[in-house]
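User: Please take a close look at one part of this model: the strands and what is packed around them. Keep it brisk, and give me your cut-offs.

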Amino acid sequence: MKEAVLLTYMGAPSSLKEIQPFLYRLFSDRDLINFGVPAFLQKPLAYLISNLRAPKVKPQYEAIGGGSPLVKYTQEQAELIEEKTGLKTFVGMLYSEPLLERVSMEIEKYSPDKLYVLTLYPQYSTATAGACFRDVEKFLGGKVNYASVKSWCRNPLYIKWIQNSIEKELKDLKDPLILFSAHSLPKYFVEQGDIYVREIEDTAKSVMERFPDVPYRISYQSKVGPIEWLEPSTEDVLKELSEEGKKEIVVFPISFVSEHIETLFELDIEYGEIARELGLDYRRVKLDHKSPLLIDAIVSEIDKLRKQ
């Protein structure tokens with residue numbers, strides 16, 4: 001049987017010229033960000049916002065080398081998965097190159113008997129993993145026989161990857177607190193029954209089984225657009241911890257599996273500066289996207305699909 005794997009994600013601009021097209025595609029997705037305007041105004045508004053926002057975020061991408069490394073790192077993960085499984089592994093992004101729409105045509109041409117689809121969002125949300133699955137069905141439904149992993153936030157190898165990553169930062173600390181910073185989500189998703197917050201909490205709880213004597217908190221980052229997002233914000237929590245007298249803060253970006261703008265700029269530079277001003281010993285856990293534990297976690301999810 002001819003099998004293949006598809007890793008899918010929202011994507012990121014790999015260069016400065018890709019920022020505006022990425023933002024336009026992102027804000028055009030009414031399922032992800034509903035501005036509360038009639039549907040026919042979504043794209044014109046997205047065009048306006050993306051053109052206004054692109055110059056504002058350009059310095060952020062310049063500060064991390066001129067673009068996000070997310071696509072590059074995802075392709076490196078795909079190569080490792082292909083080596084491990086022996087299965088052709090495709091990468092398709094919703095809002096940046098390589099666009100899922102084009103990659104879907106490559107998959108159709110490859111013509112696998114079975115395609116295994118996995119998003120790089122361990123925690124499920126209709127806004128993230130759900131959007132990926134929506135587009136996989138849109139472009140491949142009825143053309144390729146596929147099976148997908150909805151969520152892998154409780155995968156033991158994934159949990160161990162997080163635990164090992166955090167443990168390295170705890171070694172010389174006397175009274176640390178672990179702050180799990182997750183990508184935020186518009187509040188209306190949770191009000192409509194989205195399971196994202198519960199899955200973030202489940203992951204954090206599982207991770208903390210190794211650190212029973214260490215306190216922890218969960219916060220949310222990366223709000224965009226004029227709508228209400230999940231709280232508390234990472235910035236607000238850092239200020240609260242400082243007021244509470246906490247000094248040693250170990251931050252883990254819980255909803256991410258590789259470095260990109262939200263970790264390299266927002267957590268490292270923006271919040272890092274705030275933490276220094278607050279007098280905190282602020283340590284952001286780096287994400288080893290090529291860790292054998294993480295790759296094995298993804299492969300184990302693919303193996304589950306292959307056995308079904």
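Analyst: Two strands pair if DSSP finds at least two bridges between them. Strands (E, at least two residues) and helices (H or I, at least four) are DSSP runs, numbered from the N terminus. This is a predicted model: local features need pLDDT of at least 70, side-chain atom pairs count only at pLDDT 80 or more, and totals for chains, interfaces and linings use all residues. Residues are numbered from 1 along each chain as its sequence is written, and side-chain values use heavy atoms, with hydrogens and water left out.

Start with β1. Strand β1 spans residues 3-9, and seven of its seven residues are buried (under 20% relative accessible area with a 1.4 Å probe, protein chains only; over 50% is exposed, and in between is partly exposed). In a regular strand the side chains alternate between the two faces of the sheet. Here both faces are covered. Glu 3, Val 5, Leu 7 and Tyr 9 are buried on one side. Ala 4, Leu 6 and Thr 8 are buried on the other.

β1 has two strand partners to look at. With β3 (residues 114-119), β1 runs parallel, joined by six bridges. Ala 4 has Leu 115 as its bridge partner in β3. With β2 (residues 88-93), β1 also pairs in the parallel sense, over six bridges. There, Tyr 9 stands opposite Met 93.

Now the whole sheet. Four strands form an open sheet in the order β2-β1-β3-β4, with parallel pairing. β2 and β4 (146-149) are at the edges with a single partner strand each, so one side of each has no neighbour in the sheet. From one strand to the next, the twist averages 25 degrees (axes are lines fitted to C-alpha atoms, for helices over the stretch in contact, and angles run from 0 to 180 degrees between N-to-C directions). β3 and β4 run parallel and are joined by four bridges. Leu 118 stands opposite Val 149 in β4.

Two helices lie across these strands. Helix α4 (residues 100-110) lies across β1, β2 and β3. α4 runs at about 155 degrees to β2. Helix α11 (residues 292-307) lies across β1, β3 and β4, at about 140 degrees to β3.

The loops around α4 have two backbone features. Most residues other than glycine have a negative phi, and most peptide bonds are trans. Pro 98, in the loop between β2 and α4, is joined to Glu 97 by a cis peptide bond with omega of about -5 degrees. Ser 111 sits in the loop between α4 and β3. Its phi is positive, near 55 degrees. Ser 111 is partly exposed, at 45% relative accessible area.

Next, the other sheet. It is open, with four strands in the order β6-β5-β7-β8 and parallel pairing. β6 (216-221) and β8 (281-284) are the edge strands; each has a single partner strand, so one side of each is left without a neighbour in the sheet. Neighbouring strands turn by 25 degrees against each other on average, direction ignored. Four bridges join β7 to β8, which run parallel. Ile 249 stands opposite Tyr 282 in β8.

This sheet has helices across it too. Helix α6 (residues 156-170) lies across β5 (176-183), β7 and β8, at about 155 degrees to β7. Helix α9 (residues 234-243) lies across β5, β6, β7 and β8, at about 145 degrees to β6. The loop between β6 and α9 holds Pro 232 and Ser 222. The bond from Glu 231 to Pro 232 is cis, with omega near 5 degrees. Ser 222 is not a glycine, yet has a positive phi of about 70 degrees. Ser 222 is buried, at 9% relative accessibility.

Finally, back to Tyr 9. His 260 touches Tyr 9, Ser 68, Pro 69, Leu 70 and Phe 265, not counting residues up to four places away in sequence (contact means heavy atoms within 4.5 Å). His 260 lies in the loop between β7 (248-252) and α10 (261-277). His 260 is buried at 6% relative accessible area.

Phe 265 leads on to a helix pair. Helix α2 (residues 42-63) and α10 pack at about 90 degrees, with their axes 10 Å apart. The two helices are therefore roughly perpendicular (65 to 115 degrees; under 35 is roughly parallel, over 145 roughly antiparallel and the rest oblique). α2 contributes Gln 60, Tyr 61 and Ala 63 to the contact, and α10 contributes Ile 261, Phe 265 and Ile 269.
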